[in-house]
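Biologist: I would like a close look at a single part of this model, with enough of its surroundings to place it. Could you take me through it at an easy pace?

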Amino acid sequence: MAPPPSLVFSVRRSPPELVAPATPTPHEFKPLSDIDDQDGLRFQIPVIQFYKNVPSMNGRDPAKVIKAALAKTLVFYYPFAGRLREGAGRKLAVECTGEGLVFVEADADVTLRQFGDALQPPFPCLEELIYDVPGAGGVVDSPLMLIQVTRLKCGGFIFGLRLNHTMADAAGLVQFMTAVGEVARGAHGPSILPVWGREHLNARDPPHVTRTHHEYDEIADTKNTIVPLDDMEHRSFFFGAAEFGALRRHLPPHIRCSTFELLTAALWRCRTLALRPDPAEEVRVLCIVNARPKLRHPPLPAGFYGNAFAFPVALSAAGDLCENPLSYALELVKAAKNSVDQEYMKSVADMMVTKGRPHFAVVRSYLVSDLTHAGFGDVDFGWGPAVYGGAAKGGVGAIPGVASFYIPFRNGKGEDGIVVPFCLPAAAMEIFVKELNGLLKKEEERPLIPAKKSPTFIVSAL
């Protein structure tokens, strides 16, 4: 059962409150790393988790359980209870004030089943499930996290979270959420103790940029090619064994690649065809690469929860990308992804310091982030793993429509795969679906993705 496009429900919220650490914590300043405080991470990223009713938890209020666990967990993760301050050179540091994070308790007159059997973005009434509390949405001098627990009529609940991205990446956030879950289930503290360790990803002294970082190119939008914000259509696309098999049929037999590389190449190519840029213009895809396995001398300490990823970029003339076979895009994506190593990360940090912490390029750009191994769905507050856990929508960030997330997913047929929330102008979305279907089907087959599937339109989404 899919959610009806018109699903509307009301949410009654209690007044927002601050949840502070349960016991006193140090008042100190903790500088972020030179990877953390780059301009492209200075925004709030939304995450959403859906949990079903569990009879063994009857009588337990998820909002009360999670709120109490948050207070205890913040004793260990006390920087999350502080506020960011900006110093010389745009350098960010956390003042560990102990003020707390924003917590909202709510009730919705809807059941989990009404959202549909296959939960995936875009979610109805998302703004009611992660309420934008006035005064809590800034980057500096604002709460660093907002959490809303919404009880459902069926006994299940929704856990919504919004994080200041400068504080943590997906791996770091899941580490914190897992710790909250452990405490909620009765542990006295996290099984993995948090480590600040941001100095491991700071610039060298003196800084020395040794790599080319096209991801931070300053590009003038001379032809108005940034994705417009009006009439944005949000849809999600499922890729399972059949879809990946169809995509691989477009490749020569000798080419080996990961599902991330294959999917990124296909989506980049179809998206470019849909947006129809000038064939001579340069287009790019930025692949978020987890740098933790690349950092060996020294490795990041266990418990590190800061940002540890890079945005390596693949570049092509739009005409070359659209006219060449899929293998052309794939080889570009593979080369970009494989460029990240320890020296690459040091070079990025050095560039941040020397160039004023620039934003990654967004003109004619597409950014992808693989959350399939992040573990959002495994977070357990006592009600078992999430029915859905991960990104609340596609296209989040300072520039809506630029980013997509790869989220582990089981569809209504019980097939495991990846769901990708996508955000494009409505006219471009129609072309995108047509081009994607062209890759996913044989000539005699029907499309795997319907041309129209209860599209959700969001005007000026962010």
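Where is the place of Gly356?

Modeller: Happy to walk through it with you, bearing in mind that this is a predicted model. Gly356 sits in the loop that runs between α8 (342-355) and β15 (365-370). It comes after α8, and its phi is positive, near 80°. As for exposure, Gly356 counts as partly exposed because its relative accessibility is 35%, between the 20% under which a residue is buried and the 50% over which it is exposed.

Now for its company. Setting aside neighbours within four places in sequence, Gly356 is in contact with Arg90 and Met351. Gln38 is 318 residues away along the chain, yet its C-alpha atom and that of Gly356 are separated by 8.4 Å.

One of those partners, Met351, leads us back into the helix, where it is among the buried residues of α8. The others buried there are Gln342, Tyr344, Met345, Ser347, Val348, Ala349, Asp350 and Met352. The buried residues of α8 pack against β13 (309-310). At the start of the helix, a side-chain oxygen of Asp341 comes to within 3.3 Å of the backbone nitrogen of Glu343. The length of α8 agrees with expectation, because 14 residues at 1.5 Å a residue should span 20 Å and the end C-alpha atoms are 20 Å apart.

Stepping back, the protein chain has 9 helices and 19 strands. Its radius of gyration is 22 Å, close to the 23 Å that the globule rule gives for 462 residues, so the chain is as compact as a globular protein of that length. Of those 462 residues, 56% count as buried. Among contacts with a separation of 6 or more, 82% are between residues 24 or more positions apart.

The interior deserves a look too. In soluble globular proteins, nonpolar side chains tend to be buried together. Here the largest nonpolar core has 83 residues, and Phe80, Phe159, Phe176 and Phe381 have the most contacts inside it. Helix α3 (residues 170-184) gives the most to this core, with 8 residues. Apart from that core lies another, of 43 residues, which include Val285, Ala314, Ile418 and Leu436. Returning to Phe381, and leaving out residues up to four places away in sequence, its contacts include Tyr51, Val65, Phe157, Phe159, Met177 and Val180.

Conventions:
Residues numbered from 1 in each chain as written. Predicted model: local features only at pLDDT ≥ 70, side-chain atom pairs only at ≥ 80, totals over all residues. Heavy atoms only, no water. Core = buried A, V, L, I, M, F, W, Y, C linked by side-chain atoms within 4.5 Å. Buried < 20%, exposed > 50% of the residue type's maximum accessible area, 1.4 Å probe, protein only. Helix = DSSP H or I, 4+ residues; strand = E, 2+ residues; numbered from the N terminus. Contact = heavy atoms within 4.5 Å. Expected span 1.5 Å × (residues − 1). Polar contact = N/O pair within 3.5 Å; in protein donor to acceptor, adjacent residues only side chain to side chain. Rg over C-alpha atoms; globule rule 2.2 N^0.38 Å.
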